[in-house]
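User: Could you walk me through this structure step by step, please? I am new to this, so plain sentences would help.

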Amino acid sequence: MRPEHRSLREWLAAGEAGRVIRDATRVVALDDFAARSGLKAGAAPLIAGRNVMLAIEDQLTAAAALIELDGLARRIVVCPPGLDLASRAVIATNAGVETIVIDAETAADARTALYRLPLADAAPIDAPFIATEWALLTSGTSGPPKLAAHDLSTLTGVMAKAPPPNPAPRWATYYDIRRYGGMQILLRALTGGDSLTLTHASDPIETTLSRLNDSGVTHITGTPTHWRKVLMSGAARRIDPAYVRLSGEIVDDAVLNGLKSAYPRARIVHAYASTEAGVGFEVTDGEPGFPASLLDARGDGAVEMRIVDGSLHLRSRRTALRYIGGNSAPITTDDGFIDSGDMVERRGDRYFFTGRRGGVINVGGSKVHPEEVENVINAQPGVRISLVKARKNPITGAAVVADVVIQDGCADSDALRVRILDACRAGLAAYKVPMVIRFVPSLEMTPGGKLARLG
Amino acid sequence: MSIRLTILEQLKQIALEQKKSLAPLNDELPLLESGLDSLCFAILVARLEDVVGVDPFTTSEDAAFPSTVGEFIRFYEHAA
């Protein structure tokens with residue numbers, strides 16, 4: 001059966017019995033979805049065939065709700081945790097949302113909650129199967145977030161043919177399942193894995209590692225920043241995974257070597273994926289970057305790639321279908337490629353990622369637009385102009401650093417440095433504040449009179 | 001200033017800037033229990049790169065990441 005013609009509940013019914021999704025305190029048995037539900041009684045008409053927004057703050061509850069909404073709703077707009085109400089309202093309008101699913105914890109009035117755990121006995125909902133469209137928020141662009149449309153087929157599209165792992169992987173993820181990277185793992189677990197263990201950023205690392213070990217987790221996935229935290233925790237050996245996966249940021253030798261040393265028996269794989277491009281490729285040779293030969297790859301499940309003006313373009317069965325919303329630009333080029341905006345350079349027989357086009361800085365998975373930081377710096381008396389850029393950092397992948405040109409007549413650079421940092425801390429999220437400020441005599445300009453930036 | 005003193009001074013400075021409560025520093029203190037988060041350590045490494053001139057995470061042959069204050073200092077002393 002083609003994946004787009006099978007709902008997640010049908011995948012669960014066809015899978016092994018006894019599987020669960022768990023977080024730090026609760027367990028949801030996947031078998032229970034056959035005869036139990038978290039949906040409020042009578043809610044079916046609000047969901048079936050509708051454009052639904054999933055705005056549940058709790059991750060485990062959101063995962064359970066996704067299982068039930070798939071195949072029932074026409075479109076699910078998946079809100080990441082912490083999304084502010086104003087953005088939510090804009091997105092709901094653009095996506096034609098008819099019903100917002102919130103849980104009892106999120107709702108101001110518990111009676112408005114449409115979904116809750118634990119699951120309760122419920123008769124099956126009598127509604128025709130719909131190949132639900134999944135709308136995921138993109139990151140890395142300025143302005144309001146865009147919505148990329150996927151379906152179960154693009155989200156679960158197989159990589160190059162490989163025999164299914166035996167026994168089935170017991171997954172754990174450091175990502176949130178409402179973002180692309182985490183959703184990949186949720187869907188892999190539901191459609192072909194064993195149990196899934198969720199983590200929360202606020203959980204202490206040591207406790208989480210012990211919990212992953214107690215749950216018998218074999219496959220663990222996170223960003224390089226997550227893994228560096230694990231390696232520096234002194235508790236890394238509390239787990240003994242068979243498979244370690246990194247994605248979401250540029251991978252370097254230090255983290256790969258650290259992981260090889262801590263987990264000698266594990267397969268260490270880093271993957272390239274984005275909300276728009278889907279999972280692009282996996283690198284299994286334990287080295288940073290990717291082999292140039294991947295650009296020639298052809299065949300079932302393979303991704304087609306090309307480099308255009310230094311940016312990686314990808315096309316595969318996993319790329320998003322389109323952007324959602326009235327005036328959205330096409331998501332692909334005319335011939336179906338996604339321009340990732342991820343800049344690469346070739347050294348020898350490998351390509352290496354050098355950063356984002358336009359200089360967007362990825363600090364431990366959070367995106368920083370240089371212009372936003374420069375605006376704060378440039379507003380300080382004594383500053384003539386500034387350039388904010390990325391510097392490689394072994395802890396968060398990239399660090400925000402600022403080169404500042406002082407106005408003539410401003411003598412005290414130490415006091416200016418303090419003023420700049422104070423203003424940045426007052427006006428910007430902590431990860432956007434420059435870690436290093438250098439005073440420079442001048443900045444390079446393009447012939448068009450713009451600041452010269454990477455890419 | 002020695003590498004040890006530079007690192008200890010920077011730790012205090014960054015804790016102050018990031019409004020973190022820094023645990024009493026000694027060589028056995030696990031970095032995880034120092035009161036600083038990933039962002040603080042990223043700042044520390046970025047500033048040390050300017051002050052000390054090295055980033056041992058990138059240059060070191062040693063695959064083991066430091067997990068205590070003492071290991072962190074020795075990591076830099078060996079690389080300098």
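**Strands, helices and chains**

Analyst: A good place to begin is a strand pairing, where Val78(A) has Leu136(A) in β8(A) as its bridge partner. Please keep in mind throughout that this is a predicted model.

User: OK, so how many bridges join β5 to β8 in chain A, and do they run parallel or antiparallel?

Analyst: Strand β5 of chain A, residues 75-78, is joined to β8(A) by 4 bridges, and the two run parallel. There is also a pairing with β9 of chain A, residues 147-151, where 5 bridges join β8(A) to a strand that runs antiparallel to it. As an example from that pairing, Trp134(A) has His150(A) in β9(A) as its bridge partner.

User: And how many residues of β8 are buried?

Analyst: Of the 5 residues in strand β8 of chain A, which covers residues 133-137, 4 are buried, and the strand is therefore described as mostly covered.

User: Switching to helices, what about α6 in chain A: how far apart are its end C-alpha atoms?

Analyst: The end C-alpha atoms of helix α6 of chain A, residues 180-192, are 18 Å apart, and this agrees with the 18 Å that its 13 residues should span at 1.5 Å a residue. Because 10 of those 13 residues are buried, α6(A) is largely enclosed by the rest of the structure. The buried residues include Tyr180(A), Met183(A), Ile185(A) and Leu190(A).

User: Which backbone oddities should I look at?

Analyst: It helps to know the usual case beforehand, which is that most residues other than glycine have a negative phi, and most peptide bonds are trans. Against that background, Leu117(A) and Pro118(A) are joined by a cis peptide bond, with omega at about -5 degrees, and Pro118(A) lies in strand β7 of chain A, residues 115-121. Asp309(A), although not a glycine, has a positive phi of about 50 degrees, and Lys19(B), also not a glycine, has a positive phi of about 55 degrees.

User: Where do Asp309(A) and Lys19(B) lie?

Analyst: Asp309(A) is in the loop between β17 (304-308) and β18 (311-315) of chain A, while Lys19(B) is in the loop between α1 (3-17) and α2 (38-51) of chain B.

User: Is Asp309(A) buried or exposed, and why?

Analyst: Asp309(A) counts as exposed because it has 9 C-beta neighbours inside 10 Å, and a residue is exposed when 12 or fewer lie within that distance. Lys19(B) is exposed as well, with 8 other C-beta atoms within 10 Å.

User: What is the rest of chain B made of?

Analyst: Chain B has 4 helices and 0 strands, giving the pattern α-α-α-α along its sequence. Its radius of gyration is 12 Å, close to the 12 Å that the globule rule gives for 80 residues, so chain B is as compact as a globular protein of that length. Of those 80 residues, 31% count as buried.

User: How many residues are in contact between the two chains?

Analyst: There are 25 residues of chain A in contact with 22 residues of chain B. On the side of chain A that touches chain B, the elements giving two or more residues are α8 (224-232), α9 (253-262), β24 (383-393) and β25 (397-406). The residues on that side divide into 12 nonpolar, 9 polar and 4 charged.

User: Last one, how is chain A divided into domains?

Analyst: Chain A is divided into domain 1, made of 3-167, 191-203 and 280-346, and domain 2, which is 360-439. Taken over C-alpha atoms, the centres of these two domains are separated by 35 Å.

Key
Residues numbered from 1 in each chain as written. Chains lettered and ligands numbered in written order. Predicted model: local features only at pLDDT ≥ 70, side-chain atom pairs only at ≥ 80, totals over all residues. Buried ≥ 20, exposed ≤ 12 C-beta atoms within 10 Å, placed from the backbone. Contact = placed C-beta atoms within 7 Å. Nonpolar A, V, L, I, M, F, W, Y, C, P; charged D, E, K, R; others polar. Domains from an automatic or database assignment. Expected span 1.5 Å × (residues − 1). Rg over C-alpha atoms; globule rule 2.2 N^0.38 Å. Pairing = 2+ DSSP bridges.
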